[in-house]
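Reader: Could you walk me through this model, one helix at a time? I would like to see the reasoning behind each answer.

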Amino acid sequence: MRERLGAAWLHYRRLTRSGWPRDFPIAQLPNPPLLVAIVGWLVGALAGGEVHRAGRAVFYIGLSVWAWEELTSGVNWFRRLIGAGLLVWLAAQIASSLPA
């Protein structure tokens, strides 16, 4: 069982590292931080109250981690630019939600 999980994880990592187009990857399968952000977004969209706020927090944290990873270790300049732009957008979103 452990070997199968290890093989599945290696296959998943290989899939998330390959992108389209192959020579200048712009799109790829979501990696773990982006999957966490998507789940947080879904929970926030489907729930209300405290669960909604927790889902949004998970969304922002997951997206921040993903953007930071793209900025610091993206496979090309375009992916690093997306990471930087998303971090600026996230900072603006968080700053606008703070009380005055």
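Author: Gladly, and one term first: contact, or touching, means heavy atoms within 4.5 Å. Please also keep in mind that this is a predicted model.

Reader: Let's start with L34, then. Which residues does L34 touch, not counting residues up to four places away in sequence?

Author: L34 sits in helix α2. Its C-alpha atom is separated by 8.9 Å from that of A67, a residue 33 places away along the chain. With residues up to four places away in sequence set aside, the residues that L34 touches are L63 and W66.

Reader: How far apart are the end C-alpha atoms of helix α2?

Author: Helix α2 covers residues 32-46, which is 15 residues. At 1.5 Å a residue they should span 21 Å. The model agrees with that, because the end C-alpha atoms are 21 Å apart.

Reader: Are the buried residues of α2 on the same side or on opposite sides, and how wide is their arc around the axis?

Author: The buried residues in α2 are P33, A37, G40 and G44. They lie on the same side of α2, because around the axis they cover an arc of only 65°.

Reader: Why might one expect such spacing to give a shared direction?

Author: An α-helix has 3.6 residues a turn, so residues three or four places apart point the same way. In α2, the buried set is P33, A37, G40 and G44. The face turned away from that buried side carries the exposed residues A45 and L46.

Reader: What covers the buried residues of α2, and how are the two helices oriented?

Author: The cover includes α3, residues 49-73. The axes of α2 and α3 come within 7 Å and cross at roughly 155°. An angle over 145 degrees counts as roughly antiparallel, so α2 is roughly antiparallel to α3.

Reader: What is the handedness of that crossing, and which residues of α2 make the contact?

Author: The crossing of α2 and α3 is left-handed. From α3, the contact is made by V51, H52, G55, R56, V58, F59, G62, L63, V65, W66 and E69. The α2 side consists of P33, L34, V36, A37, G40, W41, V43 and G44.

Reader: H52 is on that list. Is H52 buried, partly exposed or exposed?

Author: H52 is found in helix α3, and it touches G44 and A47, not counting residues up to four places away in sequence. Partly exposed covers the range between under 20% and over 50%. At 27% relative accessibility, H52 therefore counts as partly exposed.

Reader: Now α3 itself. What covers its buried residues?

Author: Helix α3 has 25 residues and reaches 36 Å from its first C-alpha to its last, close to the 36 Å expected at 1.5 Å a residue. Its buried residues are G55, F59, Y60, G62, L63, W66, A67 and E70. What covers them includes α2 and α4.

Reader: At what angle do the axes of α3 and α4 cross?

Author: Helix α4 spans residues 77-97. Among the residues making the contact are Y60, L63 and E70 of α3 and R79, R80 and G83 of α4. The crossing is left-handed, the axes come within 7 Å, and the angle is roughly 145°.

Reader: E70 catches my eye. What is the relative accessible area of E70?

Author: E70 lies in helix α3. Leaving aside neighbours within four places in sequence, E70 is in contact with R79, R80 and G83. E70 is buried, because its relative accessible area is 6%.

Reader: And outside the helices, which residues is N31 in contact with, leaving aside neighbours within four places in sequence?

Author: N31 lies in the loop between β2 (27-28) and α2. It is buried, with a relative accessible area of 10%. Neighbours within four places aside, its contacts are Y12, T16, W66 and E69.

Reader: One last point: is the peptide bond from W20 to P21 cis or trans?

Author: P21 has its place in the loop between β1 (19-20) and β2. Most peptide bonds are trans. The bond from W20 to P21, with omega near -15°, is cis.

Definitions and conventions: Residues are numbered from 1 along each chain as its sequence is written. This is a predicted model: local features need pLDDT of at least 70, side-chain atom pairs count only at pLDDT 80 or more; totals for chains, interfaces and linings use all residues. Side-chain values use heavy atoms; hydrogens and water are left out. The expected span of a helix is 1.5 Å times one less than its number of residues. Buried means under 20% relative accessible area, exposed over 50%, partly exposed in between (1.4 Å probe, protein chains only). The arc is that of the directions from the helix axis to the C-beta atoms. Axes are lines fitted to C-alpha atoms, for helices over the stretch in contact, and angles run from 0 to 180 degrees between N-to-C directions. Angles under 35 degrees count as roughly parallel, over 145 as roughly antiparallel, 65 to 115 as roughly perpendicular and the rest as oblique. A crossing is left-handed if the near helix is turned anticlockwise from the far one by less than a right angle, and right-handed if clockwise.
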